[in-house]
Amino acid sequence: MDGVSPKFVLPETFDGVKMEITGQLGMIWELVKGPVIVPLLQLAVYICLLMSLMLLCERVYMGIVIVLVKLFWKKPEKRYKFEPIHDDEELGSSNFPVVLVQIPMFNEREVYKLSIGAASGLSWPSDRLVIQVLDDSTDPTVKQMVEMECQRWASKGINITYQIRENRVGYKAGALKEGLKRSYVKHCEYVVIFDADFQPEPDFLRRSIPFLVHNPNIALVQARWRFVNSDECLLTRMQEMSLDYHFTVEQEVGSSTHAFFGFNGTAGIWRIAAINEAGGWKDRTTVEDMDLAVRASLRGWKFLYLGDLQVKSELPSTFRAFRFQQHRWSCGPANLFRKMVMEIIRNKKVRFWKKVYVIYSFFFVRKVIAHWVTFCFYCVVLPLTILVPEVKVPIWGSVYIPSIITVLNSVGTPRSIHLLFYWILFENVMSLHRTKATLIGNTKGLKKFPRIFKLPDRLNTLELGFAAFLFVCGCYDYAHGKNNYFIYLFLQTMSFFISGLGWIGTYVPS
């Protein structure tokens, strides 16, 4: 014993303790896995498969309807009364209704000239057109530049007014609401809204206003967005693929079947009487446009979508701006759904099947289920089944259904079909952000999740964390798995890692 050095005794002790702890953890895992982990994970698989089937049915339904619309439905000019408004030598411009154009702005240094110039160039009698530039900018320099631009157009005979507020209460909704309070607005019958980066063609009003003039039951005419910077980078191409499906399929189906869809917040013309009857603009959610549309629809008003009427706009070209936009677009609808679902159910002016469409299809499947199933199934549950091989996922649920849904989603942008694989990975990454936003929107009083670590703004903690999780699952599947999921997991790991570092924005040749 005297010849034994103490330095050899300590590591042996630690090795024994380590082996004992490892053995105990392994025993606890085996005890818990069978009665707890496996049943819960299998239940999660069943729930995700159910949500996948719901989403598949929704996509197939919309695919069938859009084919029927394109082949057999009459054009809007045939379904509704439409007569162009012409200049009259005797009546002058009195046969043209007075139209209000609202351009809400907030520190729009780069695009304010384009939007103001496009609105001022609309082909409409100058004495029947009123343009409001609603500037909520906090930068004094930008405010001065916008005001000078308004004065420049006013000197050319354009009826344009520059308006500011003492505060930004209600943000965009508050600015639009404040603009409608002006005394001269009582002479206006319709209001068209253009965000600061939207540029309508000169004939925009002549192609849209006649639908409202000759069809008193129509409250809203919505135009399609056309993206002038879609080829700027990979990020903008991915956005174009998602939004083109929204405009090509979702908006068209809603307009053709139930005369209802969500107002996109810009490039649309409202009947001011419908806005007032619906209760005006409200800022209770981050989607004031959708809020107004649902309330107007519940009062019996119809909406019309014109896919051939396009307005030039720009897509966010930075990942940070895109994340912020997607959070607002995902959190707001979930919050609005929670607040209005009972009001929709109790409404007596709307047909039963329209209620079903609004609650189930428009809100529940598209605004909630679509985000949850993408994130929960493909980013959480499926990777966990690799670590727990006792839980089986049928191939029709893990491969066939998502493949069909992806193909149906790609019909909106056929020119980007070669980017479909990248789009899948990108949408899976964004589903994390959108799912978090829907949870915030559906939870009372929950404003945001706290950040555990303080990292630079460009770094996204959640994306980096899921990159590590998926990498571990991929390594385990490579070593012990039988389904070769590691190929997908490693590619998805790279997508989460790149997004976590904020590196999205690679140039894509046209």
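Contact here means heavy atoms within 4.5 Å. This is a predicted model, where local features need pLDDT of at least 70, side-chain atom pairs count only at pLDDT 80 or more, and totals for chains, interfaces and linings use all residues. Residues are numbered from 1 along each chain as its sequence is written, and side-chain values use heavy atoms, with hydrogens and water left out.

**Exercise 1.** Work out which residues leucine 491 is in contact with, leaving aside neighbours within four places in sequence.

*Solution.* Start with the address: leucine 491 sits in helix α15, residues 486–500 (helices are DSSP runs of H or I, at least four residues, and strands are runs of E, at least two, both numbered from the N terminus). Next, list the partners, which are Phe421 and Leu425. Now take Leu425: the two leucines, 491 and 425, are 66 residues apart in sequence, yet their C-alpha atoms are 7.8 Å apart in space. Last, check burial: leucine 491 counts as partly exposed because its relative accessibility is 31% (buried is under 20% relative accessible area, exposed over 50%, partly exposed in between, with a 1.4 Å probe and protein chains only).

**Exercise 2.** Find the strand order in the open sheet of seven strands.

*Solution.* Pairing takes at least two DSSP bridges between two strands. Reading across gives β3-β2-β1-β4-β6-β5-β7, with mixed pairing. The edges are β3 (160–164) and β7 (302–313), each pairing on one side only. Now zoom in on β4 (residues 190–193) and β6 (residues 268–271): they pair in the antiparallel sense over four bridges. Within β4 and β6, valine 192 stands opposite isoleucine 269.

**Exercise 3.** Decide how α7 is oriented relative to α11.

*Solution.* First get the angle: the axes of α7 and α11 (residues 352–387) cross at roughly 170° and come within 12 Å (axes are lines fitted to C-alpha atoms, for helices over the stretch in contact, and angles run from 0 to 180 degrees between N-to-C directions). So α7 is roughly antiparallel to α11, a label for angles over 145 degrees. Then pick out the residues: α7 brings Glu250, Gly254 and His258, while α11 brings Trp353, Lys354, Tyr357 and Arg366.

**Exercise 4.** Identify the residues with the most contacts inside the largest nonpolar core.

*Solution.* A nonpolar core is a set of buried Ala, Val, Leu, Ile, Met, Phe, Trp, Tyr and Cys residues joined through side-chain atoms within 4.5 Å. This one has 91 residues, and Phe204, Trp270 and Phe303 are the answer. Strand β5 (residues 218–227) gives the most to this core, seven residues.

Notes. Angles under 35 degrees count as roughly parallel, over 145 as roughly antiparallel, 65 to 115 as roughly perpendicular and the rest as oblique.
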